[in-house]
Amino acid sequence: MFVFKRVASVWGACVLVPKWTSLSVSYFSGCQSSLSSKRHSPYSSVDSERYSSLVKSVMSSKVSHQTPETLLAEDEHMYGPVIKDKTPSEPDKGAPRTFHPFLGCQETAETTELESEPPVRISLKRGQGRSSVPSVTRILQQTLSPEQIFYLERWKKRMIAELGEEGFREYSQNLFRQGKLFHSALEEVLVSCASGKDRNLPESAEHPAEVQGYLSSVSHILEDVSAPRAIESKVQHSALNYLGVVDCVARYRGVLCVIDWKTSEKPKPFLGNTYDNPVQVAAYAGALNSDDNYKYQVENGLIVVAYKDGSPAHAHQLSPEQMMDYWKRWLVRLEAFTEIQS
């Protein structure tokens with residue numbers, strides 16, 4: 001017969017021990033093992049060695065504090081200094097010193113009579129006297145902001161480093177060629193639409209393979225385009241003396257717009273991704289509204305970005321309020337260009 005006495009506790013559990021019996025160390029170790037299994041941690045099975053390098057990399061990572069200035073210094077070290085043309089400082093900020101109206105002086109009522117006629121196409125004469133009137137593209141290129149110039153030069157240097165001078169030249173020529181083919185193919189489709197023919201894209205290989213992806217990309221946009229009034233047609237502002245070639249003037253979902261077709265290798269789902277394109281569209285619309293060759297006014301714009309792989313194009317519609325804002329920015333750029341030329 002054993003006489004038991006109470007031992008205070010072993011790891012939180014009460015144990016009765018025979019008075020004249022000694023307990024071995026193994027007994028207490030068993031108790032510890034039994035109790036520890038009840039408090040089993042879910043992290044005990046994690047392979048700490050396997051994830052130790054990941055933890056160290058996360059804990060030791062630092063946020064990059066590179067700025068355009070530090071990136072420029074890095075590029076100059078690798079590729080040499082960037083040679084910049086004379087550009088005005090911050091050309092897009094502020095209001096124009098002289099405001100010119102966006103719409104023409106005379107109000108033109110909206111009629112459907114012009115929509116029954118073939119779309120207008122006024123060709124740009126590339127002969128003598130063309131250089132006396134600057135184009136929208138030229139004005140925008142010569143009034144880029146310092147930040148725009150920085151990123152454009154950075155991209156160009158990296159492309160040359162990757163492709164070489166000759167490879168980059170060939171790459172640029174191919175992009176220009178594909179753009180021309182794409183616009184020509186769109187012109188055929190829109191002219192067919194204006195003549196009342198089927199606007200669906202032909203399944204046969206009528207168009208070069210290089211533009212098939214672009215056409216597939218804009219197919220859902222073309223379903224909402226109707227009544228083209230002008231295609232690849234020159235517009236010139238009578239008072240501000242600049243010109244451009246508008247891609248298309250047509251209705252998009254019932255609203256008359258100046259439409260600009262763009263191609264891109266990268267997705268541009270937001271209007272901000274299109275850089276100076278809204279300013280370009282506003283400049284074209286302002287010139288058209290001032291040009292006596294066009295008997296109507298346009299207050300809306302549309303930028304369509306097509307993709308070579310056939311991904312659905314992004315359509316960015318510009319309201320009259322947005323067009324007015326970009327028109328003011330255009331006037332600032334135009335004033336900056338005039339200063340550069342003087």
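A salt bridge is taken here as a side-chain nitrogen of Lys or Arg lying within 4 Å of a carboxyl oxygen of Asp or Glu. The close-up views below are drawn from a predicted model, and each shows one pair that meets this description.

**Figure 1. Overview of the predicted model from which the close-up views are taken.** The protein contains eight helices together with seven strands, and 36% of its 342 residues are buried. Of the contacts with a separation of 6 or more, 71% join residues that are 24 or more positions apart. The area exposed by the protein comes to about 21,300 Å², with 53% of it supplied by carbon and sulfur atoms. Eight salt bridges are present in the structure, and three of them, R169 with E166, R177 with E210 and R333 with D276, are presented in the views that follow.

**Figure 2. A salt bridge between R169 and E166 within helix 5.** The closest N and O atoms of R169 and E166 are 2.6 Å apart. Both residues belong to helix 5, which covers residues 146-194, and they are separated by three residues, about one turn of the helix. R169 has a relative accessibility of 40% and therefore counts as partly exposed, whereas E166, at 53%, counts as exposed, the cut-off for that class being over 50%.

**Figure 3. A salt bridge between R177 and E210 that links helix 5 with helix 6.** The side chains of R177 and E210 meet with an N to O distance of 2.4 Å. Because R177 is part of helix 5 while E210 is part of helix 6 (residues 209-222), the pair ties together parts of the protein that lie 33 residues apart in sequence. Both partners count as partly exposed, R177 with a relative accessibility of 42% and E210 with one of 27%.

**Figure 4. A buried salt bridge between R333 and D276.** In this view the side chains of R333 and D276 come together at 3.0 Å, N to O. R333 is located in helix 8 (residues 320-341), and D276 is in the loop that runs between strand 5 (255-264) and helix 7 (277-290), so the pair ties together parts that are 57 residues apart in sequence. Residues under 20% relative accessible area are classed as buried, and R333, at 0% relative accessibility, counts as buried for that reason. D276 is likewise buried, with a relative accessible area of 14%.

Definitions and conventions:
Residues numbered from 1 in each chain as written. Predicted model: local features only at pLDDT ≥ 70, side-chain atom pairs only at ≥ 80, totals over all residues. Heavy atoms only, no water. Helix = DSSP H or I, 4+ residues; strand = E, 2+ residues; numbered from the N terminus. Buried < 20%, exposed > 50% of the residue type's maximum accessible area, 1.4 Å probe, protein only. Contact = heavy atoms within 4.5 Å. Areas by Shrake-Rupley, 256 points an atom, 1.4 Å probe, with all protein chains shown as cover.
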